[in-house]
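Here are a few exercises to help you find your way around a new model. Try each one yourself before reading its solution.

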Amino acid sequence: MNIAMLLDMAVAGDPERIAVGPRATGTTAARLHRAAAGVAAVVRAKGAHELVFAGLNGPAFPVLLFGAALAGVPLVPVNYRLSAAALTDLLGRTERPLVVADDDFAAVFTDAGTDVMTTAAMLEAGMSADPVEDAAGTEDDPAVLLFTSGTTAAPKAAVLRHRHLTSYILNTVDFASAEASDAVVISVPPYHVAGVGSVLSNVYAGRRIVHLPAFDPGEWLRLVREEGVTSAMLVPTMLARIVEHLGDRAADVPTLRSLAYGGARMPPTVLEAALRLFPDTGFVNAYGLTETSSTIALLGPDDHRAAISSDDPAIRARLHSAGRMVPGIEAQIRAADGTVLPPGSSGELWVRGPQVSGEYRGAGSLLDSDGWFRTRDLARFDGDGYLFVEGRADDTIIRGGENIAPAEIEDVLLRHPGVREAAIVGLPDEEWGERIAAFVVPHQGVDVDAETLRSWVRRRLRGSKTPDVVLFREELPYTATGKLLRRELADAVDGSA
């Protein structure tokens, strides 16, 4: 099944329903299909093997996503924030690409000697072309190539085939389940798997898509109100900015029924504040990876409400879990030697299911002989199947033979009233192997010193988990999708810090 079939079904269900854009002037499902079929004709005429897109998340992205699918080539959304050298490097890893770029980013490619069509020119050419009739290729063909964020290593191109993406949608989304008045605001970039998944899931459900290309908390709140948005997806840094923008004021968003978050670790203090500020909104934690075609575990609104109101520590702890695995996904927690661990034990998370790709261009499939994918996330399950993600295996600090998860220390620091953001990294140490460095962003106007924070952690955790050094910063480095760039922090400090 080609992902274009999801759009075909939406057109067959209600061709005149607005699929993308404002209520009054948006693009219908039929019009979206016509635009995508025209883009497919342009791609085929140019003999391209891949369609590269460097642009903001907006109305053009669904056209290009489905257009590439109809043409039988993968879409390759790239991070437009990268340097010219980095973009040129990524482009060198594609095969006979047709590059489409927003006006602000086209010059990067032309300066490198690459032919490029502006987004507007591609859409215009597509509407002038004779539309293709049927999708090319098979379900085993690549639908999307997504470069990983490269937070711990050089970016790799994850290969998501049509069968992976359609499995994800068919197992987790009910067809035409949205009301005619439902709308979703998308503010994650198109080169993130959530950006791809949002288009596919909402078109399939029949939910109108409204885009916010450049995130701003005030503008996000305005758009939700004016467009009657009923659901939204945010990365944690975006939700943190909204919480800070609101202060003590409750969010005035009466239509917003569902707010999903994911893509990076959510600070507990941000989530708890958001639950207070959005009292009538159901929160959903969506955990997944690029290599798993988006979400593989969900913590739903009922779970959030039960946890926040419970006096039972085990139930309340679930507020900071990733929830339970979605239909079609199996999961195991394994020790370093491959032993499958029981509930309550921490180890590496392995997953299996039809939506799991686990494949990178140039490296082939990383699935084991039984189809299991190693996520490299440290995690555990409780006795009722709730998944607790404890951090990346690569981020684990080994101090004097003890494995220390940065998240545990970060959560304690974030509970201090003077701390706005915190990050823990390991620095080389001749005696202990690694020592613990805390990078802290204080709240504006708050004076807090390093020893106070060290004592704060020491009173709440074992002494071995107390930061050896506390370094203050005005901001921490994140990707556009909210992932902390620990490597940049570690590289900025030499071993004598």
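## Exercise 1: A three-stranded sheet

Ala 423 has Phe 439 in S25 as its bridge partner. Keep in mind that this is a predicted model.

**Task.** Find the strand that pairs with S25 over 10 bridges, then work out which strands stand at the edges of the sheet.

**Solution.**
- Step 1: Strand S25 covers residues 433-442, and its antiparallel pairing with S24 runs over 10 bridges.
- Step 2: The open sheet has 3 strands in the order S24-S25-S26, and the pairing is mixed.
- Step 3: S24 (419-429) and S26 (469-472) are the edge strands; each has a single partner strand, so one side of each is left without a neighbour in the sheet.
- Step 4: From one strand to the next, the twist averages 25°.
- Step 5: Now add the helices. Helix H14 (residues 406-414) lies across S24 and S25, at about 145° to S24. Helix H15 (residues 450-460) lies across S24, S25 and S26, at about 130° to S26.

## Exercise 2: Around strand S13

**Task.** Which strands pair with S13, and in which sense, parallel or antiparallel?

**Solution.**
- Step 1: Locate S13 at residues 282-289, where 7 of its 8 residues are buried.
- Step 2: Strand S12 (residues 258-261) runs parallel to S13, joined by 4 bridges. Leu 259 has Phe 283 as its bridge partner in S13.
- Step 3: Helix H11 (residues 268-277) completes a right-handed β-α-β unit with S12 and S13.
- Step 4: Strand S14 (residues 294-299) pairs with S13 in the antiparallel sense over 5 bridges, and Asn 285 stands opposite Leu 299.
- Step 5: The hairpin of S13 and S14 has 4 residues between the strands, and Ser 293 takes a positive phi near 60° there.

## Exercise 3: The nonpolar core

**Task.** Which residues have the most contacts inside the largest nonpolar core, and which helix gives the largest share of this core?

**Solution.**
- Step 1: This core has 94 residues, and those with the most contacts inside it are Leu 51, Met 122, Trp 220 and Phe 278.
- Step 2: Helix H2 (residues 29-45) provides the largest share, 10 residues.
- Step 3: Look closer at Trp 220. Leaving aside residues up to four places away in sequence, Trp 220 touches several residues, including Val 185, Leu 234, Leu 259 and Phe 278.
- Step 4: Put this in a wider setting: nonpolar side chains tend to be buried together in soluble globular proteins.

How values were computed:
Residues are numbered from 1 along each chain as its sequence is written. This is a predicted model: local features need pLDDT of at least 70, side-chain atom pairs count only at pLDDT 80 or more; totals for chains, interfaces and linings use all residues. Side-chain values use heavy atoms; hydrogens and water are left out. A nonpolar core is a set of buried Ala, Val, Leu, Ile, Met, Phe, Trp, Tyr and Cys residues joined through side-chain atoms within 4.5 Å. Buried means under 20% relative accessible area, exposed over 50%, partly exposed in between (1.4 Å probe, protein chains only). Helices (H or I, at least four residues) and strands (E, at least two) are DSSP runs, numbered from the N terminus. Contact means heavy atoms within 4.5 Å. Two strands pair if DSSP finds at least two bridges between them. A crossover is right-handed if, with the strands pointing away from the viewer, the path from the first strand over the helix to the second runs clockwise. Axes are lines fitted to C-alpha atoms, for helices over the stretch in contact, and angles run from 0 to 180 degrees between N-to-C directions.
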